[in-house]
Amino acid sequence: MSDVTRLLLVGAAGRMGKAVAAAVAKDPGLTIGGKIERGGALEPALDNCDVVIDFSLPEATEAVCRACAAKGRPLVLGTTGHSAAQKASIAAGAEKIPLVYAANFSVGVNALFALTRRAAALSGNDFDVEVIEMHHRTKKDAPSGTAKRLLEILQEARDGVEIPAHSVRAGDIVGEHTVLFAGPGERLELTHRAASRETFALGALRAARWVVSQPAGLYSMENVLGL
Ligand code: NAD
């Protein structure tokens with residue numbers, strides 16, 4: 001591999017695809033080796049790339065994982081809203097290539113994951129816990145992938161008890177997540193607000209730089225950040 005890492009962007013014309021391209025333009029260690037949109041030929045494009053970043057739709061994931069595994073290209077997968085079958089194709093891909101699968105690439109949200117785990121352990125069962133998330137009106141999946149990850153963390157801490165989640169879809173909200181712990185006479189709220197997509201794009205680039213030197217396996221953003 002040369003000093004400059006070549007990225008293939010899948011979902012390149014979308015909001016996140018454009019944010020990643022803008023972040024790459026400011027990074028001398030990275031370049032765009034190719035862009036793929038719906039209907040584009042994936043496998044030939046992989047020949048000119050060292051690593052793939054995908055922000056598209058869950059329906060694209062199986063083909064992307066299969067092509068990356070066939071060509072031995074590491075994958076950073078930011079798409080959310082996968083079914084169980086689509087998640088199985090991610091796990092199968094990760095047996096052959098290093099694959100970072102993260103519902104949220106921002107450093108702040110990954111800190112929120114760690115703080116939520118800690119607050120759930122400290123607050124105990126006297127506190128009611130709820131997750132509230134807000135996104136722009138065109139976001140397709142609900143609850144968000146980030147909210148689902150928060151629910152998993154909370155359920156692990158609460159022996160599998162179902163935790164309520166509330167989704168708001170309105171305007172151009174980039175992404176907000178609150179974990180509410182409401183106990184007798186007090187309330188703790190952990191909130192993360194994304195102000196622009198740049199935070200997700202920079203995190204995805206950090207994951208891309210990291211994943212190229214990893215062995216095959218399924219990794220999270222917490223792995224990338226060493227949390
Ligand atoms: P978007 O609708 O703006 O863009 C998606 C793009 O993917 C579109 O240009 C669409 O034409 C393209 N596309 C659809 N099917 C395709 C296919 N088969 N092959 C190639 N391209 C295809 O959506 P967005 O806001 O950019 O979000 C994309 C995904 O990323 C969503 O699942 C969203 O939830 C997720 N997301 C993740 C993070 C994160 O940090 N992990 C952050 C923001 C968004």
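The following exchange goes through a few features of this predicted model and the reasons for the terms applied to them.

Reader: What makes the meeting of α1 and α7 a contact, and which residues take part?

Author: From helix α1 the residues are Met16, Ala19, Val20, Ala23 and Val24, and they meet Phe200, Ala201, Leu202 and Leu205 of α7. The word contact applies because heavy atoms of the two sides lie within 4.5 Å. The helices themselves span residues 15-25 for α1 and residues 198-211 for α7, and their axes come within 8 Å and cross at roughly 65 degrees.

Reader: How do you know whether that contact is nonpolar, polar or charged?

Author: By class, the contact of α1 with α7 has 9 nonpolar residues, with no polar and no charged ones. Ala, Val, Leu, Met and Phe are among the types that count as nonpolar, and therefore the residues named above fall in that class.

Reader: Why is the crossing of α1 and α7 called right-handed or left-handed?

Author: The crossing of these two helices is right-handed. That name is used because the near helix is turned clockwise from the far one by less than a right angle.

Reader: What makes the approach of Met16 to the ligand a polar contact?

Author: A polar backbone atom of Met16 is 2.8 Å from an oxygen atom of the ligand. The cut-off for a pair of N or O atoms is 3.5 Å, so this pair counts as a polar contact. Backbone atoms of two further residues pair with a nitrogen atom of the ligand, that of Gly78 at 3.1 Å and that of Ala102 at 3.0 Å. The protein covers 83% of the 870 Å² of accessible area that the ligand has on its own.

Reader: Which bond joins Ala142 and Pro143, and what is its omega?

Author: A cis peptide bond joins Ala142 and Pro143, with omega at about -5 degrees, and Pro143 is found in the loop between β6 and α6.

Definitions and conventions
Residues numbered from 1 in each chain as written. Predicted model: local features only at pLDDT ≥ 70, side-chain atom pairs only at ≥ 80, totals over all residues. Heavy atoms only, no water. Axes fitted to C-alpha atoms, helices over the stretch in contact; angles between N-to-C directions. Helix = DSSP H or I, 4+ residues; strand = E, 2+ residues; numbered from the N terminus. Polar contact = N/O pair within 3.5 Å; in protein donor to acceptor, adjacent residues only side chain to side chain. Areas by Shrake-Rupley, 256 points an atom, 1.4 Å probe, with all protein chains shown as cover.
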